[in-house]
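Student: I'm new to this structure and would love a close look at a single part of it. Could you walk me through one helix and its surroundings?

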Amino acid sequence: MSILTTTFVPTQPHPTNNAPHNVWHELPKLSRHELRVEQQRTLDTPRRRYSLAARLLFIGMDLLYGRSRSLSKFRVLEIVARVPYQTWETITYKQITKRHRRPLDIRRLWDRVLEFRTQQDNEQWHLLILAELVALQRRNEAKGRENRIWYDVLPRLIAFGYWHFAWLLYALKPSWSHRLNADFEDHAEHEYALLVAEHPEWETTPYASDLAADYGSFASLADLFRQIGHDERLHKQESEQHLIAV
Ligand SMILES: [Fe+2]
Ligand SMILES: [Fe+2]
């Protein structure tokens, strides 16, 4: 009998059938009211107790790009933000290769790949939005292009170093890498909430972008950044879930 005509019924249950969370990890878009509530919740919530590595990273970013919350600095942060998800995805694919005879393991690892990829893609939207806004802001203020060394070369070097550091942490002990990322995302969540609070004029600044239309539509620039801040909180919570799981 040809294998193509054989009815094949797998006997092993899907490992995530009873999982309490959505394995596809889609991030929700909030209403105007919800966005305001969640921004306030962030402002009222103390930050995580950051690890030494995270504190050094934040101090380094402040030294290089200043303590004030500029769009240019957020663009650099978003370049770096995707990196841990890329390393985790790569390592998880290697784990799938290693366990190629174990369908249950492959399925479980594949769900993990999907989670990392979803977060990575979400960060990609943040980067696109920030890149567009920075270009627009500089054009409006007739400032010309940002310094190439500082805002093109250096972020790539930081991302390169961070990639290897996150990879090493994950290879040694995944919870170390997840903890560093939870700190990074918590920092991002709070920084976006403060950024919106510092710019009351953004409440009435309309936001529209053809390039970012797939990400969502927002009544104002303030709501756009509130949504990005909420995404960061969900990224943090995903990493915290991995801390509980290990
Ligand atoms: Fe982000
Ligand atoms: Fe994030």
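**A close look at helix α7**

Tutor: Happy to! Keep in mind that this is a predicted model. A good way in is L77, which touches M61 and A188, leaving aside residues up to four places away in sequence. L77 also belongs to the largest nonpolar core, a set of 31 residues, and is among those that touch the most other members, together with V80, A166, Y192, V196 and F225. Helices α3 (71-81), α4 (83-98), α5 (103-140), α6 (148-172), α7 (174-198) and α8 (221-245) each supply at least two residues of this core. The most comes from α7, which gives 7 residues. As a general background, nonpolar side chains tend to be buried together in soluble globular proteins.

Now let's see how α7 meets another helix. The axes of α2 (residues 52-65) and α7 come within 9 Å and cross at roughly 40°, so the two helices are oblique to each other. Their crossing is right-handed. On the α2 side, the contact is made by A53, A54 and F58, and on the α7 side by L180, D183, F184 and H187. Sorted by class, this contact of α2 with α7 has 5 nonpolar, 1 polar and 1 charged residues.

Finally, look at E191, which also lies in helix α7. E191 has 18 other C-beta atoms within 10 Å, so it is partly exposed. Along the sequence, E191 and T42 are 149 residues apart, yet in space they are 9.7 Å apart, C-alpha to C-alpha.

Note on methods
Residues are numbered from 1 along each chain as its sequence is written. Chains are lettered from A and ligands numbered from 1 in the order in which they are written. This is a predicted model: local features need pLDDT of at least 70, side-chain atom pairs count only at pLDDT 80 or more; totals for chains, interfaces and linings use all residues. A nonpolar core is a set of buried Ala, Val, Leu, Ile, Met, Phe, Trp, Tyr and Cys residues joined through C-beta atoms within 7 Å. A residue is buried if 20 or more other C-beta atoms lie within 10 Å of its own, exposed if 12 or fewer, and partly exposed in between; C-beta atoms are placed from the backbone. Helices (H or I, at least four residues) and strands (E, at least two) are DSSP runs, numbered from the N terminus. Two residues are in contact if their C-beta atoms, placed from the backbone, lie within 7 Å. Axes are lines fitted to C-alpha atoms, for helices over the stretch in contact, and angles run from 0 to 180 degrees between N-to-C directions. Angles under 35 degrees count as roughly parallel, over 145 as roughly antiparallel, 65 to 115 as roughly perpendicular and the rest as oblique. A crossing is left-handed if the near helix is turned anticlockwise from the far one by less than a right angle, and right-handed if clockwise. Ala, Val, Leu, Ile, Met, Phe, Trp, Tyr, Cys and Pro count as nonpolar, Asp, Glu, Lys and Arg as charged, and the others, Gly among them, as polar.
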